[in-house]
Amino acid sequence: MKRILYDLAGADPNLRFSPYCWRTKLALAHKGLDYETVPWRMTEKDVIAFAGQGRVPVLVDGERTVSDSWAIATYLEQAYPDRPSLFGGPAATVVTRFVNTWADTTLHGGIIRLIVSDIARIVHDSDREYFRQSREQRFGMPLEQVTAGRDERVRAVRESLLPLRHIVSTQPYLAGDEPAYADYIVFGTFQWARCVSAFELLDREDAVAAWRERMLDRFGGLARRAPCAA
Ligand SMILES: N[C@@H](CCC(=O)N[C@@H](CS)C(=O)NCC(=O)O)C(=O)O
């Protein structure tokens, strides 16, 4: 049975930078499921029209098509109950859902304002105008203005990571001794930033940076091996 993931790519087809697709790739690795990826660009809405919406990740698992990273994670958990759990039970699923919402809003919202102008540089030519227009409309200003002053503003983003820092200072992963989907959610955002920008989000001494290193090494270095923008 073929398993296909539509995965956001940059101008370099090997540059896979979607935070949400990273969540899904790590979830598939956690479940030990093989998959092929199809590089996808934001303006290729027609290519994923069969999924009924215009964003990735889209997972085609045999007969099933699932889009949205959270829906994919819950689908994988239900479809492959004999594989390692992504959540660790019903109560942990609810807490992981909170982590998902926090990452989508607070974490993503803080980090995108530090890197969005770098993303504009790595997207495929076909996405360049669409990306700039849609994001400038969202922020109400040129992307270079959004990221201006980031050397100072990064401090507030680092401070916002305090709850995460507390947890990964006392245990190796958000989920405990081993990583689970909560880790993949948060790490997906860091991997997104790492793939598109050389701007350093974290202090080298930060416990969050040490956790990020541990995550980069998981699954044989799946995320560490991924090509990043120079
Ligand atoms: N809530 C969705 C968000 C998916 C999403 O926004 N994906 C982005 C890539 S990072 C996308 O496809 N963007 C296309 C666009 O902006 O038109 C999820 O968790 O999967």
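Contact here means heavy atoms within 4.5 Å. By this criterion, and with residues up to four places away in sequence not counted, Ser67 touches Ala51, Gln53, Pro57, Val58 and Ile72 in the predicted model. Ser67 is found in strand β4, which comprises residues 64-67. With a relative accessible area of 18%, Ser67 falls under the 20% limit and is therefore classed as buried.

The chain as a whole contains 9 helices and 4 strands. Read along the sequence, these elements follow the pattern β-α-β-β-β-α-α-α-α-α-α-α-α. Along the principal axes, the C-alpha trace spans about 50 × 45 × 30 Å. The radius of gyration of the chain is 17 Å, in agreement with the value near 17 Å that a compact globule of 230 residues would have. Of the 230 residues in the chain, 50% are buried. Among contacts with a separation of 6 or more, 69% are accounted for by residues 24 or more positions apart. The accessible surface of the chain amounts to about 10900 Å², and carbon and sulfur atoms contribute 52% of this area.

At the start of the pattern, strand β1 (residues 3-8) and strand β2 (residues 36-40) run parallel and are joined by 5 bridges. Within this pairing, Tyr6 stands opposite Val38 in β2. Helix α1, formed by residues 19-31, completes a right-handed β-α-β unit together with β1 and β2.

Further along the chain, helix α6 spans residues 150-160, and its buried residues are Val154, Val157 and Arg158. Seen down the axis of α6, these buried residues fall within an arc of 100°, so they line one face of the helix. The packing partners of the buried residues of α6 are α3 (90-122) and α7 (162-170). The other side of α6 carries the exposed residues Glu152, Arg155 and Glu159. Helix α6 thus presents Val154, Val157 and Arg158 as buried residues, whereas Glu152, Arg155 and Glu159 are exposed on the other side.

Definitions and conventions:
Residues numbered from 1 in each chain as written. Predicted model: local features only at pLDDT ≥ 70, side-chain atom pairs only at ≥ 80, totals over all residues. Heavy atoms only, no water. Buried < 20%, exposed > 50% of the residue type's maximum accessible area, 1.4 Å probe, protein only. Helix = DSSP H or I, 4+ residues; strand = E, 2+ residues; numbered from the N terminus. Arc of directions from axis to C-beta. Pairing = 2+ DSSP bridges. Right-handed = clockwise from strand over helix to strand, strands pointing away. Rg over C-alpha atoms; globule rule 2.2 N^0.38 Å. Areas by Shrake-Rupley, 256 points an atom, 1.4 Å probe, with all protein chains shown as cover.
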